[in-house]
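Grab the model, rotate it a bit, and work through the exercises below. Each one sets a task and then solves it step by step.

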Amino acid sequence: MSFVITTPLYYVNDKPHLGSVYTTIICDTIARYKRLMGKEVIFITGVDEHGLKIQRTAIEKGIEPKKHCDEISKIFFINWKNWNISFDKFIRTSSKHHELVVNEFYKRVKNSDDIYMGIQKGWYCVGCEEFKDNPENSATYKCPIHQKNLEWKNEENLFFKLSKYQKQIELLIKEPDFIEPIERRNEIINFVSKGLRDFSISRTNVSWGIPVPGHSNHTFYVWFDALLGYVSAISSNSTNQSLDKSINEGWPANIHLIGKDILRFHAVYWPAMLISAGMKIPNKVLGHGFLTREGQKMGKSLGNVLDPDLLLSKYGNDPVRWYLIKDITLGNDGDFQNRRFVDIINNDLANTIGNLLNRTTSMSRKWFDNKVPNIEKVSSENKLANHSKLAVQNYIDKFNIYKLDQAANEVLSLAINTNLYLNDNQPWLLIKDKSKLPLVKEMIYNVLESTRIIGLLLLPLLPELSSKINVQLGSTYQNDVPWEKQLRWGLLTINSNLPKPTPIINKLEYE
Ligand SMILES: [Zn+2]
């Protein structure tokens with residue numbers, strides 16, 4: 001069975017911002033981990049291209065919506081390549097085969113008698129593509145998120161009978177694994193307890209969308225269309241693409257990783273739509289928090305938006321990944337602080353891990369003819385071997401429950417313990433005493449071996465740094481051997497060559 005993980009399908013209003021980079025990096029880390037653990041992974045990302053907002057943005061630019069979408073979608077695609085994101089599918093909701101899957105899905109929902117024509121009246125935010133509750137309580141008639149005026153709508157729409165699924169959704173969201181973290185689950189339980197209302201799934205007067213079969217002036221509501229991108233993506237590269245093909249080739253998704261602002265769509269509307277179509281529900285919806293900068297909300301009007309392109313070109317992939325994975329607890333809000341970023345990269349990656357690799361390979365090369373020490377026999381009963389076994393176990397336990405920051409900290413702890421082992425034993429003093437040579441050989445072997453395991457553990461987190469570490473040890477990851485096996489103690493080849501050291505990470509300066 002495949003492991004299916006998805007980022008949200010990003011809205012093509014603008015190029016990717018730091019929040020989208022964050023979500024995508026987290027998904028990438030989980031996808032890489034699952035592949036290393038032997039799973040067949042389908043990692044889906046892509047773009048949500050329809051709707052009134054896109055239509056208007058294109059008009060403002062004086063171009064066709066399709067042209068606008070082509071431009072921005074390309075930027076997203078190239079961006080993820082630049083960030084070394086290992087996605088398997090990149091779905092565009094303006095593609096023909098996606099339209100086909102939407103139509104097939106709609107037919108199923110219609111056959112379940114879950115569609116009817118009604119009148120949709122209410123205050124609408126074009127930015128959110130969502131009707132807003134109780135705007136009469138607000139004196140301004142503005143969207144609290146976008147701070148833009150709401151628009152009054154009164155039109156004939158097709159409706160989906162969400163209310164019919166009240167009981168099933170109540171049961172679903174109570175399941176402990178379905179919505180994480182728990183704070184998010186409680187928000188949804190509270191929302192559902194107020195009673196689910198049917199929602200409209202078509203629009204008139206929006207030409208930039210998928211036409212609803214049998215209703216000439218209606219297009220599908222952008223969310224109804226976009227959520228189905230997760231399904232159509234699965235069969236996007238197949239011949240004879242279809243809904244059935246997507247179902248057979250991987251559905252349901254194991255995880256939808258999303259921002260907390262779109263949780264309601266994923267944890268309530270989407271499962272009900274799937275039940276109606278006779279399809280399986282995703283196993284988990286993981287809502288992450290928002291990112292701020294130096295404690296402040298980022299926004300165009302505030303002029304403090306952090307450009308991820310700039311971060312990438314200035315610092316490279318690994319430092320940004322490390323900060324986002326290790327410093328932010330998945331599910332909580334996070335803050336990007338420049339000084340903190342510099343401190344963390346210097347302490348963790350340059351001083352602790354980089355320095356460990358550097359000093360150890362240097363000693364070994366100097367004392368043992370540019371090689372790993374030639375010891376009699378590898379001992380797996382020593383302090384470092386024990387630290388390493390424990391770190392590997394904890395790391396896997398944490399990763400399996402998506403505590404990525406804690407998994408990252410396990411790697412760091414192992415590096416700290418390895419440095420301590422060196423400092424406690426001081427091989428640079430012992431080497432002066434000829435009789436201590438066997439002991440020094442064993443110590444250096446242990447430290448090199450521990451460093452090899454640190455490098456391998458970094459593989460899903462920091463793929464580029466990981467391979468640099470292992471190249472320096474003359475011991476690279478082997479594709480044909482299970483990763484977990486390679487994490488066992490004692491596999492560094494005795495008396496093998498150690499390449500000339502090159503710096504693996506540069507220290508950063510404060511701005
Ligand atoms: Zn809004």
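**Exercise 1. Place Pro252 and describe the peptide bond that joins it to Trp251.**

- Step 1: Pro252 is found in the loop between α9 (243-248) and β11 (255-259). Helices (H or I, at least four residues) and strands (E, at least two) are DSSP runs, numbered from the N terminus.
- Step 2: The bond between Trp251 and Pro252 is cis, with omega at about 10 degrees.
- Step 3: Glu180 and Pro181 are also joined by a cis peptide bond, with omega at about -5 degrees. Pro181 sits in the loop between β7 (179-180) and α6 (182-193).

Before going on, a word on the ground rules. This is a predicted model, so to speak: local features need pLDDT of at least 70, side-chain atom pairs count only at pLDDT 80 or more, and totals for chains, interfaces and linings use all residues. Residues are numbered from 1 along each chain as its sequence is written, and side-chain values use heavy atoms, with hydrogens and water left out.

**Exercise 2. Work out the geometry of the zinc site.**

- Step 1: List the donors, meaning N, O and S atoms within 2.8 Å of the metal (3.2 Å for Na, K and Ca); water is not among the atoms, so sites may look incomplete. Here they are SG of Cys125, Cys128 and Cys143 plus ND1 of His146, at 2.1 to 2.3 Å.
- Step 2: Check the angles. Among the 4 donor atoms they run from 100 to 113 degrees, and the site is tetrahedral. The rule: four donors count as tetrahedral if all angles lie between 85 and 135 degrees; four count as square planar and six as octahedral if opposite donors are over 155 degrees apart and all others between 65 and 115; anything else is irregular. For reference, the ideal angle for four tetrahedral donors is 109.5 degrees.
- Step 3: Read the spacing along the chain, which is C-x2-C-x14-C-x2-H. Cys128, in the loop between β4 (115-125) and β5 (130-132), and Cys143, in the loop between β5 and β6 (151-160), are 15 residues apart and link distant parts of the chain.
- Step 4: Cys128 is buried at 14% relative accessibility, and Cys143 is buried at 0%. Buried means under 20% relative accessible area, exposed over 50%, partly exposed in between (1.4 Å probe, protein chains only).

**Exercise 3. Classify the ring pairs Phe76–Trp80 and Phe160–Tyr165.**

- Step 1: Recall the cut-offs. Rings of Phe, Tyr and Trp (its six-membered ring) pair if their centres lie within 6.5 Å; planes under 30 degrees apart count as stacked, over 60 as edge-to-face and the rest as tilted. The whole structure holds 30 aromatic pairs.
- Step 2: Phe76 and Trp80 have ring centres 6.1 Å apart and planes at 65 degrees, so they are edge-to-face. Both belong to helix α3 (residues 65-82), 4 residues apart, about one turn of the helix. An α-helix has 3.6 residues a turn, so residues three or four places apart point the same way. Phe76 and Trp80 are both buried.
- Step 3: For Phe160 and Tyr165, the centres are 6.1 Å apart and the planes at 5 degrees, so this pair is stacked. Phe160 is buried at 0%, and Tyr165 is buried at 6%.
- Step 4: Go back to Trp251: ring pairs link this residue with Phe105, Tyr106, Phe220, Phe224, Tyr230 and Trp270 into a cluster.

**Exercise 4. Describe the surroundings of Ser73.**

- Step 1: Ser73 is in helix α3 and is buried, with a relative accessible area of 1%.
- Step 2: Leaving out residues up to four places away in sequence, Ser73 touches Val12, Val47, Glu49, Phe90 and Arg92. Contact means heavy atoms within 4.5 Å.
- Step 3: The side chains of Ser73 and Arg92 make a polar contact at 3.4 Å. That term covers a pair of N or O atoms within 3.5 Å; within protein, one must be able to donate a hydrogen and the other to accept it, and residues adjacent in sequence count only if both atoms are side-chain atoms.

**Exercise 5. Is Asn205 buried or exposed, and what is the sign of its phi?**

- Step 1: Asn205 lies in the loop between β9 (202-204) and β10 (218-220).
- Step 2: With 67% relative accessibility, Asn205 is exposed.
- Step 3: Its phi is positive, near 70 degrees, in a residue other than glycine.
- Step 4: Asp113, not a glycine, also has a positive phi, about 65 degrees. Asp113 is in the loop between α4 (96-111) and β4.
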